[in-house]
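Here's an informal tour for anyone meeting this structure for the first time. Have a look at the fold, then read on for a few spots to zoom in on.

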Amino acid sequence: MRRTLIAIVLALLLILTIGVAVLWWLGGSGSGIVLALLLILTIGVAVLWWLGGSGSGTQWLLRQAVQFSQGALMVEGTQGTLSGPLHIAHLTFENAALHADIQGLQFDWLPSLLGQRRVAVNYLRLGNLHLMLKDKEEVKEEEPLTLPQGLVLPVGVEVHEVSIERLTITKGGTDHPLSGLNVRLNSDAAHHVLVLSAARTPIGAVRGEVQLGAARPFPLQGTLDLSQTETSTPYQLKTLLSGDLSRVGITATAEAQGARAQVNTLVTPFDPVPFAQLEKLIPSSPPLIRCRLRNWRSKRRPSIPTS
């Protein structure tokens with residue numbers, strides 16, 4: 001029903017544009033070129049909407065994308081429509097930097113909310129994702145990082161679920177596996193929120209949440225927890241993030257077999273030296289050892305006072 005109403009609106013807009021263009025042409029004005037472009041745009045949107053809303057149209061659009069990519073993109077086993085839900089059995093993409101292999105892609109969203117300047121994704125699910133990072137032949141000098149002017153998106157974004165059953169990142173012949181990844185994202189004009197509900201890595205299970213302001217100085221707060229309970233030596237690491245994007249405060253607390261250690265760090269990612277402060281608190285047999293390192297820019301060696 002919703003699709004029918006949108007198609008009717010597009011058809012009415014098309015008829016209105018044609019009518020105005022004809023009237024303008026009868027008036028003898030050369031400004032009808034602008035209306036002609038508007039007409040072409042309206043027809044294009046209507047055709048793409050119609051194609052994306054049908055299974056045959058979706059397969060045709062994907063075939064055109066494969067041909068346009070000149071072999072970089074490959075798609076197999078398509079079911080559903082681009083307007084959702086959509087299932088792709090196998091998809092690969094390759095360029096000079098990486099080779100991506102996706103199996104079992106499922107996607108669903110609400111394109112009707114685009115008119116409200118909102119991108120709403122119900123889910124993006126991947127059964128298996130393998131990313132092979134290629135070695136660069138030429139190492140170019142990287143430009144220094146600079147603090148962005150703003151992080152406000154032109155539209156609101158709501159992603160309720162991004163899940164990957166198995167993720168493997170291969171670099172230099174070494175595989176880095178991860179499984180059970182589940183993420184959700186919410187973004188508006190004021191802030192961005194990323195929630196990592198679950199992920200399993202070789203060193204333990206990870207959970208976390210990060211909230212970032214969209215305007216300078218980009219206030220930041222978040223948590224990241226790592227726990228391992230399936231070994232003879234279970235441990236837990238809790239990390240707190242604070243500050244802003246230019247000065248990120250990190251407090252990490254580790255616990256294992258009754259022992260506890262804490263590290264406080266101030267990270268300045270846009271400065272030539274990315275660490276401004278480091279403090280370690282290591283409870284042990286007396287005394288309590290504190291190691292502080294400040295102002296790495298002066299290249300002074302850390303002192304280790306004891307008390």
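## From β2 to β3

Let's start with a pair of strands. Strand β3 covers residues 98-109, and eight bridges tie β2 to β3, with the two running antiparallel. If you'd like one rung of that ladder to look for, take E94, whose bridge partner in β3 is H99. How many residues does the hairpin use to get from β2 to β3? It takes three residues to join them.

Keep in mind that this is a predicted model, so everything here describes a computed picture. In general terms, side chains in a regular strand alternate between the two faces of the sheet.

## Back to β1, and a look at the turn

Now step back along the chain. Strand β1 (residues 73-80) pairs with strand β2 (residues 86-94), again antiparallel, and seven bridges hold this pairing. Within it, T78 sits opposite I88 of β2. These two strands also make a hairpin, this time with five residues between them. One of the turn residues, G84, has a positive phi of about 90°.

The loop between β1 and β2 is also where you'll find S83. Is S83 buried or exposed? Its relative accessibility is 9%, so S83 counts as buried, as the cut-off for that is under 20%. The side chain of S83 has a polar contact as well: it meets the side chain of T81 at 3.0 Å.

## Rings worth a click

How many aromatic pairs turn up when the whole structure is searched? The answer is one. That pair is F107 with W109, with 6.2 Å from centre to centre and 35° between the planes, an arrangement classed as tilted.

The two partners fall on either side of the burial cut-off. W109 has a relative accessible area of 19%, so it is buried, because buried means under 20%. F107 comes in at 21% and is therefore partly exposed, the label for values between 20% and 50%.

There's another ring to visit, this one with a charged neighbour. Which residue lies over the face of Y123? It is R125, placed 3.9 Å from the ring centre.

## Further along: β6, β7 and β8

Later in the chain there's another run of neighbouring strands. Strand β6 (residues 174-187) and strand β7 (residues 191-201) pair in the antiparallel sense, with seven bridges between them. To find a matched pair of residues here, look for L185, whose bridge partner in β7 is L194. The hairpin that joins β6 to β7 goes through three residues.

Strand β7 then pairs onward with strand β8 (residues 204-213), where nine bridges link the antiparallel strands. Here V195 has E209 of β8 as its bridge partner. The hairpin from β7 to β8 uses two residues.

## The whole chain

Time to zoom out. The protein chain contains three helices and 14 strands. It has 307 residues, and 28% of them count as buried.

What about contacts between residues well separated along the sequence? Taking contacts between residues at least 6 apart in sequence, 33% join residues at least 24 apart. As for the outside, the accessible surface of the chain comes to about 20,000 Å², and carbon and sulfur atoms account for 63% of it.

How values were computed: Residues numbered from 1 in each chain as written. Predicted model: local features only at pLDDT ≥ 70, side-chain atom pairs only at ≥ 80, totals over all residues. Heavy atoms only, no water. Pairing = 2+ DSSP bridges. Helix = DSSP H or I, 4+ residues; strand = E, 2+ residues; numbered from the N terminus. Phe/Tyr/Trp six-rings, centres within 6.5 Å; stacked < 30°, edge-to-face > 60°. Buried < 20%, exposed > 50% of the residue type's maximum accessible area, 1.4 Å probe, protein only. Lys NZ or Arg CZ within 6 Å of the ring centre and 35° of its normal. Contact = heavy atoms within 4.5 Å. Areas by Shrake-Rupley, 256 points an atom, 1.4 Å probe, with all protein chains shown as cover. Polar contact = N/O pair within 3.5 Å; in protein donor to acceptor, adjacent residues only side chain to side chain.
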